[in-house]
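Please take me through this protein model as a tutorial, one feature at a time. I should like to know how each kind of feature is read and what the case here looks like.

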Amino acid sequence: MKAEDIKNICNLGTGTMGFGTALLFAKKGYNVRMYGRSAASIERGFNSIKATLTTYKENQLVTEAEIPQIIARIKGCTTLEEATKEADFVIESIAEDLTVKKDVWAKVEALTGPHTIFATNTSGLSPTAIAEALQRKEKFVVAHFWNPPHLVPLVEIVPGKHTSQETVDVTWKLIEKIDKKPVPLKREALGFIGNRLQLALLREALYIVESGIATQEAVDTAVKYSIGRRLSTTGPLETADLGGLDIFHNIAAYLYADLCDAKEPSELLKKAMREGNLGAKTGTGLYDWTPEALQKIKKTRENILIEWLQKDKSMTF
């Protein structure tokens, strides 16, 4: 199996991640069967796809003429039998529940041919654990798209214990074909790369607030106007090289001992959980979110990510 042999995509899921992956594959010319558990979920998926295509058009990422062609390549399906028909590559974005995923993948394997590659869009579950439900474990891999998938380029490619190098290589090339940026892991690890780094930063950010070093507003502002700007061009290891490893070594020698090394979630997070303040989705979290404030920050984020997509078209990663 080569990436060039892949023509038909089975896309499991129509939610936040599922509609995005279906759109990305259809946009690059692949035939996509998008699976949802009901006609209502299929309709929601298509509504999200159409809304995103409108945003793309407004920002010159697709033309008016391309939109009906892209939508026509996506077929909504409410049964796995129909969704997996002639599938060369299956991408799954269903509930982050190990039991649910294993059950679905066992059914998918029984409905697909020996050449089909299986990819899960899990954000952290073990590919080895999920693949326990399969006979063809060598065909199973993580392809972790970052949210929002239609705006963020990164896709982490994570092998399980039994994943073949061929499966990794074909998945890598396929992800490149849909204009995403695949990054491979040598082996699986909890949180992969991105979430390990993201949670390490969050742990220290919460510690700074809890320790009375600075307010949460100051922490967020400091990140947005310093490392946040720089990290879009140079990663942490490149930044260290550019700054001088002797300088970073000397800073690490005295600072590491003072950094947070907690093994449990912070008290700020625990308190928020106890009180049901889960962030934007409940209206209150570390910040209070009015509908107007939430809409404003989401639109700002979308605009900036679109600017990067436009730059990516003329840049080499």
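The dialogue below goes from the sheet to the helices and then to single residues.

Q: Before the details, what kind of model is this?
A: This is a predicted model.

Q: How does one read a sheet, and what is the strand order in the open sheet of eight strands?
A: Strands of a sheet pair through backbone hydrogen bonds, either parallel or antiparallel. Here the open sheet has the order S3-S2-S1-S4-S5-S6-S7-S8, and its pairing is mixed. Strand S3 (74-77) and strand S8 (181-184) are the edge strands, each pairing on one side only. On average, neighbouring strands of this sheet are turned by 25° against each other, direction ignored.

Q: How many bridges join strand S2 to S3, and in which sense do these strands run?
A: Four bridges join strand S2 (residues 31-35) to S3, and the two run parallel. Within this pair, methionine 34 has glycine 76 in S3 as its bridge partner.

Q: Which strands pair with S5, on the S4 side and on the S6 side?
A: Strand S4 (residues 89-92) is joined to S5 by four bridges, and these strands run parallel. In register terms, phenylalanine 89 stands opposite isoleucine 117 in S5. Strand S6 (residues 140-145) also pairs with S5 in the parallel sense, over three bridges. There, phenylalanine 118 stands opposite phenylalanine 140 in S6.

Q: What is the handedness of the β-α-β unit made by S4, helix H5 and S5?
A: The unit that S4, helix H5 (residues 98-111) and S5 make is right-handed.

Q: How are the two faces of a strand told apart, and which residues of strand S5 lie on each side?
A: In a regular strand the side chains alternate between the two faces of the sheet. In strand S5 (residues 117-120), Ile117 and Ala119 lie on one side, with Phe118 and Thr120 on the other. All four are buried, so that both faces of S5 are covered.

Q: Which strands does helix H7 lie across, and at what angle does it run to S6?
A: Helix H7 (residues 165-177) lies across S4, S5, S6, strand S7 (154-159) and S8. Its direction is at about 30° to S6.

Q: How is a helix pair described, taking helix H8 and helix H13 as the case?
A: One reads the approach of the axes, their crossing angle and the residues in contact. The axes of helix H8 (residues 194-210) and helix H13 (residues 267-274) come within 9 Å and cross at roughly 90°. H8 and H13 are therefore roughly perpendicular to each other. On the H8 side the contact is made by Leu206, Val209 and Glu210, and on the H13 side by Glu267, Leu268 and Leu269. By class, this contact has four nonpolar, no polar and two charged residues.

Q: How do the axes of helix H11 and helix H12 cross, and within what distance do they come?
A: The axes of helix H11 (residues 236-243) and helix H12 (residues 245-255) come within 6 Å, crossing at roughly 110°. This crossing is therefore also classed as roughly perpendicular. H11 contributes Thr239, Ala240, Asp241 and Gly243 to the contact, and H12 contributes Leu245, Ile247 and Phe248. By class, there are four nonpolar, two polar and one charged residues.

Q: How is the setting of a single residue read: is asparagine 195 buried or exposed?
A: The relative accessibility is compared with a cut-off, and under 20% means buried. Asparagine 195, found in helix H8, counts as buried because its relative accessibility is 17%. Leaving aside neighbours within four places in sequence, asparagine 195 is in contact with Ser123, His144 and Trp146. Serine 123 is 72 residues away along the chain, yet the two C-alpha atoms are separated by 8.0 Å.

Q: Is glutamine 60 buried or exposed, and where is it found?
A: Glutamine 60 is found in the loop between helix H2 (39-58) and helix H3 (66-72). At 57% relative accessibility, glutamine 60 counts as exposed. Apart from neighbours within four places in sequence, glutamine 60 is in contact with Gln310 and Lys313. The C-alpha atoms of glutamine 60 and glutamine 310 are separated by 8.3 Å, with these positions 250 residues apart along the chain.

Q: What is the relative accessible area of alanine 272, and which residues does it contact?
A: Alanine 272 lies in helix H13 and is buried, with a relative accessible area of 13%. Leaving aside neighbours within four places in sequence, alanine 272 is in contact with Asn277 and Leu278. Alanine 272 and lysine 85 are 187 residues apart in sequence and 45 Å apart in space, C-alpha to C-alpha.

Technical notes:
Residues numbered from 1 in each chain as written. Predicted model: local features only at pLDDT ≥ 70, side-chain atom pairs only at ≥ 80, totals over all residues. Heavy atoms only, no water. Axes fitted to C-alpha atoms, helices over the stretch in contact; angles between N-to-C directions. Parallel < 35°, antiparallel > 145°, perpendicular 65-115°, else oblique. Contact = heavy atoms within 4.5 Å. Nonpolar A, V, L, I, M, F, W, Y, C, P; charged D, E, K, R; others polar. Buried < 20%, exposed > 50% of the residue type's maximum accessible area, 1.4 Å probe, protein only. Pairing = 2+ DSSP bridges. Right-handed = clockwise from strand over helix to strand, strands pointing away.
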